[in-house]
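Work through the exercises below with the sequence and the structure open. Each task is followed by a solution in steps.

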Amino acid sequence: MASFLNITSPPFFSSRTSLSPSPPPTLTAQLTQFKKGWCWKLKCMPSSGPSQETDSEPPETAPSPSNSASLLSSSSVSTYNWCAGLGGVGFLETAYLTFLKLTNSDAFCPIGGGNCGDVLSSDYAVVFGVPLPLIGMISYGLVATLGLQWSGKKFPFGIEESNGRLLLLGCTTSMAVASGYFLYILSTKFSGTSCTYCLLSAFLSFSLFFITLKDFGLEEIQKFLGLQLCIASVVIFSLNTSYATLRPASSRYPDVHAPHSFCKGICALTFFHLHLCDSSLADINLEYFTTEITTPSSPFAISLARHLQSTGAKMYGAFWCSHCQEQKQIFGKEAAELLNYVECFPNGFRKGTKMIKACADAKLEGFPTWVINGQVLSGDQELSELAKVSGFKIEESNQPS
C-alpha cells in the first residue's frame, strides 16, 4: 500500500496542480509587457505622426521675386487708377475756371459769395501772362492721361514703368508745391477771403502727391529727395519771379484811400480793386445813389447828345465817380438824359462786387470812358472834342458856349 501510494501520488498531485488556476501576473510583468508592445509600435510606425503634421502644414517658403513683382505691379495699378480719377476731377475744375477767365465771366461760388471771382480776376491768377487755371488744366490733364494709360499697362514712347512712376512723382510734386504757394498767397494777400475752387485744387494736388509717393520705399524716397527739392525750388522761383513784376496796388490805382481818386480827369477803378489795395477798406459797403444834374442844356449840347446816341457812342461810368458827374453837368440835364450812359456798378459796391459784363468787356482803365466809332477816350471831354471825334458838324448857330 505504501509503495502504491508512493508510486501513484506524484501523478495525482501533479494532475491536481495542473488543474488548479495559475496565479495572476505581477505588476512588474504587466509593465514589462506594455513597454515591449509600445516599443514595437514605435519601431513599426516611426514616421506616422510627423507625416501627418507635414501633410497638414505645408512648409513656409520665402516669397519669390516674381511674387514681389506682382504685388508691386498691383499696387502701381491702384495708384494709376487714383491718379486718373483725381486728375480727371482736377481737369474738369480747372477747365471751368479757364473758361471763366478767358471769357471774363462770373464764377459760381457755392461757399463765400463772390470771393471766388475776386481771386480769379486778380493779378495772381496769371503767371507770366498765362492764366493760372490753364496751367492747372494742363497739369491735371497730363496726370489723368498718364494714369489712364499706365493703369492698362500701356507705356507710350517706350517708357518703362519705373521711369513712368518717376515722371508721375515729378508732376505731382510740382503741383503740390504750387498749391502750397498759392495757399500762402490766399492767406496773406486775400485775408478773410474763402475760395472754394482754390481749396479743392489744393486738396487734389496734395492727394495726388501722397498717393504717388506711397509707391516708393524709404530708400527710393531718399534717393529721389534731391530731385524733388530741385523741382520745388524751380516752382517757387518761377512764381516769385512772375509776381515780383507786379506793381504795388497803390501805384496802379492812384489814391486808393479816397472814394474819388483823380488822375488827369479820370476816376481810377478804385472801388473795383479796393479789397486788393487796402485791407482797412476791404469791407466797405456803398449803396447805389444818383446825383442830380442841375445845369441847363444848351441847344448845341442837346444836338450833340442826339448825334452821339444815333451813332451808338457810349459813356461808361460809375455812380461814385465825380468826373462822371462833371461830364454830365457839362451836357446839362436835358442832354445828359439822351446819352447812352452805362453804369458799371448798378447795384452799388461792396466786397466782392465786380463790374457788369459790358464794362468788363470794354477793358476800361478809368471813369468816365467814351467809346465813339471804335475810338476810346478816357476822362471827361469837352463838347467840341466829342463833336470832332463823332463827326458832328458844328453849325454857327449851335456853337458850344
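A residue counts as buried when its relative accessible area is under 20%, and a salt bridge needs a side-chain nitrogen of Lys or Arg within 4 Å of a carboxyl oxygen of Asp or Glu. The model used here is predicted.

**Exercise 1. A buried charge**

Task: State where Glu 93 lies, and find which side chain of opposite charge is nearest to it.

Solution.
Step 1. Locate the residue: Glu 93 belongs to helix α4, residues 65-103.
Step 2. Check its surroundings: Glu 93 is buried. Leaving aside neighbours within four places in sequence, its contacts are Tyr 197, Leu 200, Ser 201 and Leu 204.
Step 3. Look for a partner: the nearest side chain of opposite charge is that of Lys 101, 15 Å away. A salt bridge requires the atoms to be within 4 Å, and Glu 93 has none.

**Exercise 2. A salt bridge**

Task: Find how many salt bridges the model has, and describe the side chains that meet.

Solution.
Step 1. Recall the principle: side chains of opposite charge can pair when their charged atoms come close.
Step 2. Count: the model has one salt bridge.
Step 3. Name the partners: Asp 361 and Lys 357 meet at 2.8 Å, N to O.
Step 4. Place them: both lie in helix α15, residues 357-361, and are four residues apart, about one turn of the helix.
Step 5. Judge exposure: Asp 361 has a relative accessible area of 40%, so it is partly exposed. Lys 357, with 48%, is partly exposed as well.

**Exercise 3. The second largest pocket**

Task: Give the volume of the second largest pocket, and say which element provides the largest share of its lining.

Solution.
Step 1. Volume: the pocket comes to about 780 Å³.
Step 2. Lining: 35 residues line the second largest pocket, and those nearest its centre are Leu 132, Pro 133, Ala 178, Phe 182 and Ser 201.
Step 3. Elements: two or more lining residues come from each of α4, α5 (115-120), α6, α7 (161-189), α8 (196-213) and α9 (218-244).
Step 4. Largest share: α7 gives eight residues.

**Exercise 4. The span of a helix**

Task: Compare the reach of helix α6 with the expected value, and list its buried residues.

Solution.
Step 1. Length: α6 covers residues 132-151, which is 20 residues.
Step 2. Reach: from first C-alpha to last, α6 extends 29 Å, close to the 28 Å expected at 1.5 Å a residue.
Step 3. Burial: the buried residues of α6 are Pro 133, Gly 136, Met 137, Tyr 140, Gly 141, Val 143, Ala 144, Leu 146, Gly 147 and Trp 150.

**Exercise 5. An enclosed helix**

Task: Why can helix α13 be called largely enclosed?

Solution.
Step 1. Count: α13 (residues 322-331) has 10 residues and seven of them are buried, so the rest of the structure largely encloses this helix.
Step 2. Name them: the buried residues are Ser 322, His 323, Cys 324, Gln 325, Gln 327, Lys 328 and Phe 331.
Step 3. Find the cover: the elements over these residues include α12, β4 (314-317), α14 (333-336), β5 (341-343), β7 (369-372) and α16 (383-390).
Step 4. Look past the end: just after α13, Gly 332 has a positive phi of about 95°.

**Exercise 6. The whole chain**

Task: Find how many helices and strands the chain has, and what percentage of its residues count as buried.

Solution.
Step 1. Elements: the chain has 16 helices and eight strands.
Step 2. Burial: 37% of the 401 residues count as buried.

Definitions and conventions
Residues numbered from 1 in each chain as written. Predicted model: local features only at pLDDT ≥ 70, side-chain atom pairs only at ≥ 80, totals over all residues. Heavy atoms only, no water. Expected span 1.5 Å × (residues − 1). Buried < 20%, exposed > 50% of the residue type's maximum accessible area, 1.4 Å probe, protein only. Lys, Arg positive; Asp, Glu negative; His and termini not counted. Contact = heavy atoms within 4.5 Å. 1 Å grid on protein atoms, 1.4 Å probe; cavity = no way out; pocket = protein on both sides within 12 Å on 5 of 7 lines; lining within 4 Å. Points joined across faces, edges and corners; volume = space filled by probe spheres on them.
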